[in-house]
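Grab the viewer and work through these exercises one at a time. Try each task yourself before you read its solution.

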Amino acid sequence: MPAEPVMPSARPSASARIAAFVFAAGLALLPAVAGAFDRADAQPLAIDHAGRVLEGVNAYRVSRGLPRLEIAPAIEQVAAQHSRTMARVGRASHDGFRSRFEQLDSDLCVENIATHNRLVAADAVVDGWRRSPAHDRSLLEPRIRWVGIASIDRYTTLLACEGDGRSTQRPRAQLTTTVTP
């Protein structure tokens with residue numbers, strides 16, 4: 001004889017009510033948590049957002065026969081400061097590129113920046129750069145070997161150089177600038 005179907009009770013169990021409460025409380029906190037990343041005291045977008053952007057950039061470079069970019073702490077520090085500055089002033093800009101370039105003591109540096117919301121996937125940032133001829137040229141510059149990348153709030157800075165950003169004590173007259181809009 002087949003078993004009779006079990007009808008759910010009209011009142012949810014205690015554990016179901018607790019789970020619903022926890023879920024609703026989490027939803028209620030989302031705007032507060034999301035708003036924390038829009039403040040002027042810029043916070044990292046996500047622990048690994050910049051890393052995922054770099055993975056995408058390196059995959060693209062390798063697909064074009066170019067070497068992967070290696071992280072250089074000195075360059076990464078400069079990129080992070082620029083992303084913090086953009087977040088503080090509330091706009092994306094290449095303002096001060098020459099100063100960042102000179103801090104790094106490299107013969108060649110390129111810079112790509114992106115503005116995005118918290119939900120933009122890292123691959124969308126890379127795809128945007130690939131669709132822009134000037135940014136694409138920067139990504140595919142064969143002489144760059146070292147990179148610093150940082151995502152702070154809505155702003156990502158990728159700064160890549162021929163040198164690793166440590167002083168080599170060469171004459172400053174040899175410096176050149178490459179800027180992407």
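Contact here means heavy atoms within 4.5 Å. Keep that in mind, and remember that you are looking at a predicted model.

**Exercise 1. Get your bearings**

Task: Find out how many helices and strands the protein has, and in what order they come.

Solution:
- Step 1: Count the elements, and you get six helices and four strands.
- Step 2: Walk along the sequence and the pattern reads α-α-β-α-α-β-α-α-β-β.
- Step 3: Look at burial, where 38% of the 181 residues count as buried.
- Step 4: Take the contacts between residues at least 6 apart in sequence; 74% of them join residues at least 24 apart.

**Exercise 2. A residue after the last strand**

Task: Locate aspartate 164, decide whether it is buried or exposed, and list what it is in contact with.

Solution:
- Step 1: Aspartate 164 sits in the segment that follows β4.
- Step 2: The relative accessible area of aspartate 164 is 16%. The cut-off for buried is under 20%, so aspartate 164 is buried.
- Step 3: Skip the neighbours within four places in sequence, and aspartate 164 is in contact with Ala72, Ala74, Ile75 and Trp146.

**Exercise 3. One face of a helix**

Task: Pick out the buried residues of helix α5 and work out where they lie around its axis.

Solution:
- Step 1: Helix α5 covers residues 122-131, and its buried residues are Ala122, Val125, Val126 and Trp129.
- Step 2: Look down the axis of α5: these buried residues fall within an arc of 95°, so they line one face of the helix.
- Step 3: A general rule helps here: an α-helix has 3.6 residues a turn, so residues three or four places apart point the same way.
- Step 4: See what the buried residues of α5 pack against: α2 (49-63), β2 (109-115), α6 (133-139) and β4 (155-161).
- Step 5: Zoom in on valine 126, a residue of α5. Valine 126 has 4% relative accessibility, so it counts as buried. Not counting residues up to four places away in sequence, it touches Val53, Gly56 and Val57.
- Step 6: Now try alanine 124, also in helix α5. With 36% relative accessibility, alanine 124 counts as partly exposed. Its C-alpha is 8.7 Å from that of valine 53, although the two are 71 residues apart in sequence.

**Exercise 4. Two helix pairs**

Task: Describe how α2 crosses α5, then do the job again for α3 and α4.

Solution:
- Step 1: The axes of α2 and α5 come within 8 Å and cross at roughly 45°. The two helices are therefore oblique to each other.
- Step 2: The crossing of α2 and α5 is right-handed.
- Step 3: On the α2 side, the contact is made by His49, Arg52, Val53, Gly56, Val57 and Tyr60, and on the α5 side by Ala122, Val125, Val126, Trp129 and Arg130.
- Step 4: Move on to α3 (residues 73-89) and α4 (residues 97-104), whose axes come within 10 Å and cross at roughly 160°. That makes α3 roughly antiparallel to α4.
- Step 5: This crossing of α3 and α4 is right-handed. The residues in contact are Ala74, Ile75, Val78 and His82 of α3, with Arg100, Gln103 and Leu104 of α4.

**Exercise 5. The nonpolar cores**

Task: Find which residues touch the most other members of the largest nonpolar core, and which elements give two or more residues to it.

Solution:
- Step 1: The largest nonpolar core has 21 residues, and Val53, Val57, Leu69, Trp129, Leu158 and Ala160 touch the most other members.
- Step 2: The elements giving two or more residues to this core are α2, β2, α5, β3 (146-152) and β4. The largest share, five residues, comes from α2.
- Step 3: Follow valine 53: beyond its neighbours within four places in sequence, it is in contact with Ala122, Val125, Val126, Trp129 and Ile149.
- Step 4: Look for a second, separate core, which has 10 residues, including Ile75, Ala79, Cys109 and Cys161.

**Exercise 6. A positive phi**

Task: Find where aspartate 153 lies and what its phi is near.

Solution:
- Step 1: Aspartate 153 is in the loop between β3 and β4.
- Step 2: Its phi is near 50°, a positive value in a residue other than glycine. For background, most residues other than glycine have a negative phi.
- Step 3: Aspartate 153 is buried, with a relative accessible area of 5%.

Terms used. Residues numbered from 1 in each chain as written. Predicted model: local features only at pLDDT ≥ 70, side-chain atom pairs only at ≥ 80, totals over all residues. Heavy atoms only, no water. Buried < 20%, exposed > 50% of the residue type's maximum accessible area, 1.4 Å probe, protein only. Arc of directions from axis to C-beta. Core = buried A, V, L, I, M, F, W, Y, C linked by side-chain atoms within 4.5 Å. Axes fitted to C-alpha atoms, helices over the stretch in contact; angles between N-to-C directions. Parallel < 35°, antiparallel > 145°, perpendicular 65-115°, else oblique. Left-handed = near helix turned anticlockwise from the far one by under 90°.
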